[in-house]
Amino acid sequence: MHPVRRPAHPGNIPWLALAALLITGGLVYLLGPILTPFLAGALLAYIFDPLVDRLETRGLSRTVGTAAVIVLTALGVLVLLLVVLPLFQGQFTELSHRAPAVLALLKTRFVPWLQQTFGIDFDLAALMAWLTEKVAQNGTAWLPSLQTGAIAVVGMLANLLLIPIVMFYLLRDWDDMVARIVTLAPRRWLDTVTRIARDMDTVVGEFLRGQLAVMATLSLYYALTLWAAGLDYALPIGIVTGVLSFVPFLGFGLGVVLALLVALLQYTDWIGVAWVAGIYLAGQVLESYVITPRLVGERVGLHPVAVIFALAAFGQLFGFVGVLLAVPLAAILLVALRELRSVYEASDFYAGSYNAGSFDSASPAMSAPLSGQPMLESRIASLPLLHRGKVRDIYAVGDDKLQIVTADRLSAFDVIMPVPIPGKGEVLTRVSAFWFDRLKAIVPSQALDIAPESVVADSERDQVAGRAIVVKKLKALPVEAIVRGYLAGSGWKEYQASQSVCGIALPAGLVQADRLPNPIFTPSTKAAAGAHDQNITFEQMAALTGRDLATQVRDASLALYRSAAEYALTRGIIIADTKFEFGLDEAGKLVWIDEALTPDSSRFWPVDQYRPGSSPPSFDKQFVRDWLEASGWNKQAPGPLLPADIVARTSEKYREVMTRLLA
C-alpha cells in the first residue's frame, strides 16, 4: 500500500485561507459603495448563463445569445414599468387630491381624539406655522444637502446604466472565466472542488428560484386580499410588499405602513383599518411559517431563520452589497458545514472507536485477514436449507431466525459462473455489517448479535466464519428500493431517449456519469428467479405497499444513500447508485434486510478516475463481464470457466473497496 503523500507545509494552508478571507472581506467593506453594479451584473450573469448556454446549442454565438438575453430582459422590465407606472401615477395623483381632506380629517378626528384620550392639546395650525418658519430660516443651510442628494441620484443612475454593461461582458465570457478558475484548482483537489462548486451552484440556484416564487406569491396574496378588503391602491401596495420581501421585514414594514395610511384616509370607521392590519398579520405568519420554509428552506436545506440572519448580518456589515453577497456566502457556508459533517462522521471519534495511541480504527472482526479459502456453495447439514440464491445460501435457525451464508459465487448476465471469486463472500459480509452498524440510527437492520458459528455444528464452523450472519426472520416487501445519484447504466440510456429516468424528468444537458442535482428514488419489482426486475413509479409502489409505507421506504432509502455517499467520498469512492431491500417486523416497523451497499448491490467508482462524459471504472465484476462479452459466450447456462487472471483481478477489486471503506 503506497504511503499517503502530504503537502510540504500543511500548517500554512489554514493560515493562507484565513488571510485570503480577511483580505477579501476588507476589500468588500472598503469598496462597498462601488461594488453594487458589479455584483448585480455578476448575479444576473449567473442567473441567465443557462439560458445563453441553451441558445448556443441552437446555433447562436455566445455574443449574439448574450445580447439577445439582455435585450429581452430590458424589454421585459420596460413592459413591466409601462404597465405598473401608470397605475402608480394615477393612484398617487388621486392621493394628492385627497391631501386637503387629510388635513381636515386630522383637525376634525385625530386632534380631538388625542385631546379626549390622552389630554394632549395639539395645535395643528401652530405646528404648520413653526415648520414654515424653520424652512425659511434654514433654507440656505439645506443647499449642500440638496447638492449631495443630487450627486447621489446621479451616481445611482450611473450605477443602473453600468449594470447591463457589466452583465454583458460577464455573461459573454462566463464559461471561459469558470474554465480558467478550474485550471487554478490543485489537481489533487479538482474532483472535490468541482463537487463542492456544483453543490454551491445547486443551493444558490434553488434559493433564487425559491425567493422569486416567494416574491410572486406574496405580491399576489397582498394585492388580492387588499383588493377584496376594498382598499384603494391595493395593486401597487401589494406589489411593493411582495417585491421588497427579499430584504428581511422591509417589504412587510413598508407595505403595512402604506396600507394603514391609506386605510386611515379611506375608511370612516376602524373596522376597515382592522381588516388591513389583520391581512398583514396573517401574511407575515404565512410568510414565516409556510411560504418561505416551503419555497426556500426546503429547496436549499437552510432554516428560514438562517436565511434571515444571513441577509440581516451581511446587510448590516456591507449595506446593499452585503444583501447581494448574503445568499452566495450562505450557500458556501452551508456546503462547507455539510463537508465538515461528512468528515466528522467519517472520523474515528464519531464512530466511537477512537484510540489516541493507535491509528487502526477497524474492529477486530473487520480487520482480520480473509480466510483465502474460496467456497462456491455451503453444505450445512445441521440447519434446514430454505433457499440458495445467486450468491447467498439461507438456512433456518429455529422459527424466528435465519442464517445467511454469503458464498464466493459470481453471477453475470443472470448466470452463475462455475468458478468462485476468492474472498468475495467475506468482503460482502464485512461491508454489509459495516454499513448496518454505521447507519443504524437511520433505520435498524435485521442483523442479530449472535455468532454464526454458535448455531452450526463444530465441523461446519469453517463454512460460516467471516461470511455468515444471523438475522431476524421478517416479511420482505415486494419491491426493491433503488437510489440513483449519478447518471449511469440503464438510467443514462433512458435519459438519452426521454430526458428522464424511470419517469422522473431531469434537467437538459446532462452527460454520461453526471451527478444528478438531487438523488432520485426509482423502485422496482422483485422478479422471480431467472426473470428481470421491472422499474415502477412511486405511485405504482404505493399501490403495492400502501402510501404511508412507500413514503417510509423512499425517505429511508434517500437518507441511507446520502449519508453513505458522503462518507464514501471521504474514502475516495463515489456511490453512483445502490439498491436497498426492506422488511417489516412483528410491530410493523421498517427494517433494513439483505445486503447493505456492497459492490454487488451498488455501483462504486474511484474518485480519482471519475470524469463526467465517460463511463468510470467500477469496483465490481466488470472484469468478468468484459471478458465474457469478448469470449463469444452465448450468455446461457452453464457459464464458461473463467481465466485465473480475471478471477484474481476481480477478487482484488472486491478487496480494495472493502479496504477503502473500512480503512
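**Exercise 1. Aromatic pairs**

Find how many aromatic pairs this predicted model holds, and classify the one formed by Tyr 222 and Tyr 280.

*Solution.* Start with the count: a search of the whole structure gives 16 aromatic pairs. Next, take the geometry of Tyr 222 and Tyr 280: their ring centres lie 4.6 Å apart, with 25° between the planes. Planes under 30 degrees apart count as stacked, and the pair is indeed stacked. Then place the two rings: Tyr 222 belongs to helix H7 (residues 190–228) and Tyr 280 to helix H10 (residues 270–300), so many as 58 residues apart. Both Tyr 222 and Tyr 280 are buried. Finally, look around them: Tyr 221, Tyr 222, Phe 252 and Tyr 280 make up one aromatic cluster.

**Exercise 2. Another ring geometry**

Work out which class the pair Trp 435 and Tyr 567 falls into, and which helices it links.

*Solution.* The centres are 5.8 Å apart and the planes stand at 90°. An angle over 60 degrees counts as edge-to-face, which is the class of this pair. The link joins distant parts of the chain: Trp 435 sits in helix H15 (residues 424–438), Tyr 567 in helix H19 (residues 547–570), 132 residues apart. As for cover, Trp 435 is buried, and so is Tyr 567.

**Exercise 3. Buried or exposed?**

Decide whether Asp 49 and Leu 82 are buried or exposed, and describe the setting of each.

*Solution.* Begin with Asp 49, in helix H1 (residues 12–57). Its relative accessible area is 10%; buried means under 20%, so Asp 49 is buried. Leaving out residues up to four places away in sequence, Asp 49 touches Arg 62, Leu 171, Trp 174 and Asp 175.

Now turn to Leu 82, in helix H2 (residues 62–97). With a relative accessible area of 58%, Leu 82 is exposed, because the cut-off is over 50%. Leu 82 joins Val 71, Leu 72, Leu 75 and Leu 78 in a nonpolar surface patch with about 500 Å² of accessible area together.

**Exercise 4. Covered elements**

Establish how far helix H8 and strand E15 are covered, and which strand is joined to E15.

*Solution.* In helix H8 (residues 234–243), 7 of the 10 residues are buried, so the rest of the structure largely encloses this helix. Among the buried ones are Pro 236, Ile 237 and Val 240. Strand E15 (residues 602–606) is mostly covered too, with 4 of its 5 residues buried. Its antiparallel partner is E13 (residues 573–584), joined by 5 bridges. One of the residues involved is Ile 574, whose bridge partner in E15 is Trp 605.

Definitions and conventions. Residues are numbered from 1 along each chain as its sequence is written. This is a predicted model: local features need pLDDT of at least 70, side-chain atom pairs count only at pLDDT 80 or more; totals for chains, interfaces and linings use all residues. Side-chain values use heavy atoms; hydrogens and water are left out. Patches are made of residues with over 30% relative accessible area and no salt bridge: like charges are joined within 9 Å, nonpolar side chains (Val, Leu, Ile, Met, Phe, Trp, Tyr) within 5 Å. Accessible areas come from the Shrake-Rupley method with a 1.4 Å probe; for residues, only the protein chains shown count as cover. A salt bridge is a side-chain nitrogen of Lys or Arg within 4 Å of a carboxyl oxygen of Asp or Glu. Helices (H or I, at least four residues) and strands (E, at least two) are DSSP runs, numbered from the N terminus. Buried means under 20% relative accessible area, exposed over 50%, partly exposed in between (1.4 Å probe, protein chains only). Contact means heavy atoms within 4.5 Å. Two strands pair if DSSP finds at least two bridges between them. Rings of Phe, Tyr and Trp (its six-membered ring) pair if their centres lie within 6.5 Å; planes under 30 degrees apart count as stacked, over 60 as edge-to-face and the rest as tilted.
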